[in-house]
Amino acid sequence: MASSLTFKVNRQSPELVRPEKHTPPECKLLSDVDDQEGLRFQIPVIQFYRHDPSLVAAGKDPVNVIREALAKTLVFYYPFAGRLREGPCRKLMVDCTGEGVMFIGADADVSLRDFGDALQPPFPCLEELLYDVPGPGGVLNCPLLLIQVTRLKCGGFIFALRLNHTMCDAGGLVQFMVAVGEIARGATAPSVLPVWQRELLDARQPPRVTYKHHEYDQVPDTKGTIIPLDDMVHKSFFFGSKEVNNLRKLVPPQLRNCSSFELLTACLWRCRTIAISPDPEEEVRILCIVNARNRFNPPLPNGYYGNAFAFPVAISTAENLCKKPLGYALELVMKTKADVTEEYMKSLADLMVIRGRPHFTVVRTYLVSDVTRAGFGDVDFGWGKAFYGGPAKGGVGAIPGVASFYIPFRNEKGEDGIVVPICLPALAMEQFVKELESMITDQTSVFITSAL
């Protein structure tokens with residue numbers, strides 16, 4: 001992508017978009033999974049849309065269309081128009097005040113083609129496309145959503161959004177965005193009605209922790225291995241069928257039926273650990289975000305838009321992870337994903353209440369989230385599906401630099417695959433690239449030699 005691209009954005013004054021009709025002035029508790037410390041941050045999403053004359057009537061303005069649809073959608077999703085408050089024991093709740101969400105209309109002197117054929121994070125001038133309005137960037141007593149719609153010279157537009165993560169996960173956010181799109185295209189109500197029911201993920205009475213939950217261990221950073229935030233470099237890496245198949249050659253036959261997510265996670269965890277070079281005897285961790293909606297019996301109701309995932313963790317010494325074959329890391333990742341059950345989620349909610357809603361461990365930790373099936377690219381406001389839709393950058397979170405997303409992507413050759421934004425210090429990024437390239441280059445007997 002044209003990473004050196006610069007352009008000017010003229011923004012209208014930020015405004016609050018309120019629900020079109022009166023909504024209940026009530027207080028709604030978040031779940032005990034929603035309000036954990038590790039979700040108390042803003043997460044950015046960006047969508048790029050082409051101008052297609054066959055789909056869009058002449059003069060149709062995306063800023064007006066989306067603003068009006070947003071006001072109508074907030075009648076159904078009225079908690080988004082409220083403000084978060086914190087009660088006793090750090091419990092979060094939504095005060096449904098109807099104050100509205102922050103909205104900005106804008107114009108940019110750039111065309112979609114100027115961004116290049118391969119749209120992927122990091123995006124140039126992101127701070128212009130998702131303006132950080134002074135004041136409302138906190139978690140409590142602030143707008144829960146900030147949306148900027150930027151018209152482009154070509155007739156396309158960019159939809160950028162910043163979400164308070166305590167309100168919902170990727171699946172819940174896409175559900176809301178799809179609803180805005182449906183109403184923008186003329187529907188009178190969303191096809192999937194929102195379901196609050198956050199009590200489904202509340203702690204039991206009395207709470208009882210039945211799993212180890214090492215993802216919330218208190219790990220001291222005795223050797224200064226939390227990644228420094230200065231001199232950070234953002235890069236994205238593409239994994240198509242060729243790259244994934246080459247990685248499969250590195251693992252023993254009995255593990256080759258693993259998912260692409262598991263394989264990539266094992267690979268990136270290993271490469272990243274080598275790049276940051278922790279002490280060989282220290283423990284390193286990989287957190288895999290696992291959607292738990294269908295791990296309940298019965299599953300969580302269709303329309304539930306709260307956070308419904310866990311951070312199960314795999315742990316290894318740095319020496320074992322870096323020196324053993326890739327299959328070692330892969331087995332750890334596969335077992336970790338399988339740990340998440342209904343009982344695991346209930347135990348997690350209980351832990352949050354007992355331990356005061358702690359942050360997940362970040363010392364020598366890497367977190368990955370697969371949004372390839374979340375549906376960001378399918379959101380349609382009347383201009384067709386997004387040319388790119390998904391996270392705006394890697395490394396976001398309450399602790400920057402820890403997280404990466406797996407995003408569906410088609411490269412400039414027309415190959416479908418997954419793009420992964422990575423955020424590392426400059427020197428570590430150089431080493432990461434070398435390690436990764438050595439693993440994904442075409443080789444036929446790598447597994448045999450690496451296992452010797």
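This is a short talk on the overall form of one chain and on two of its strand hairpins.

Before anything else, what you see is a predicted model.

I will start with the chain as a whole. It contains ten helices and 18 strands. The C-alpha trace spans about 65 × 55 × 40 Å along its principal axes. The radius of gyration is 22 Å, and since a compact globule of 452 residues would come out near 22 Å, the chain agrees with that expectation.

Next, contacts and cover. Take the contacts in the chain with a separation of 6 or more: 82% of them join residues 24 or more positions apart. As for burial, 57% of the 452 residues count as buried, where the cut-off is under 20% relative accessible area. The accessible surface of the chain amounts to about 18700 Å². Carbon and sulfur atoms supply 51% of that surface.

On charge, there are 48 positive and 51 negative side chains. The centres of these two sets are 2 Å apart.

Now to the strands, beginning with β18. This strand covers residues 416-425. How many of its ten residues are buried? Eight are, so the strand is mostly covered under the cut-off of 20% relative accessible area.

β18 has pairings with β10 and with β17, and I will take them in turn. With β10, residues 232-239, the pairing is antiparallel and runs over eight bridges. One position to look at there is Val233, whose bridge partner in β18 is Leu424. With β17, residues 403-410, the pairing is again in the antiparallel sense, over four bridges. Here Phe409 has Gly417 of β18 as its bridge partner.

β17 and β18 also make a hairpin, with five residues between the two strands. Which residue in the turn has a positive phi? That is Gly414, at about 85°.

The second hairpin is earlier in the numbering. β5 is residues 83-86 and β6 is residues 92-95, and the two pair in the antiparallel sense over four bridges. Arg83 stands opposite Asp95, which is in β6. Five residues lie between these strands, and in this hairpin the residue with a positive phi is Cys89, near 60°.

One general remark for anyone looking at side chains in these strands. In a regular strand, side chains alternate between the two faces of the sheet.

To go back over the two hairpins: β17 and β18 have Gly414 in the turn with a positive phi, and the hairpin of β5 and β6 has Cys89 with a positive phi. That is the end of the talk.

Conventions: Residues are numbered from 1 along each chain as its sequence is written. This is a predicted model: local features need pLDDT of at least 70, side-chain atom pairs count only at pLDDT 80 or more; totals for chains, interfaces and linings use all residues. Side-chain values use heavy atoms; hydrogens and water are left out. Two strands pair if DSSP finds at least two bridges between them. The radius of gyration is taken over C-alpha atoms; the globule rule is 2.2 Å times the number of residues to the power 0.38. Buried means under 20% relative accessible area, exposed over 50%, partly exposed in between (1.4 Å probe, protein chains only). Contact means heavy atoms within 4.5 Å. Accessible areas come from the Shrake-Rupley method with a 1.4 Å probe; for residues, only the protein chains shown count as cover. Lys and Arg count as positive and Asp and Glu as negative; His and the chain ends are not counted. The place of a charge is taken as NZ of Lys, CZ of Arg, CG of Asp or CD of Glu.
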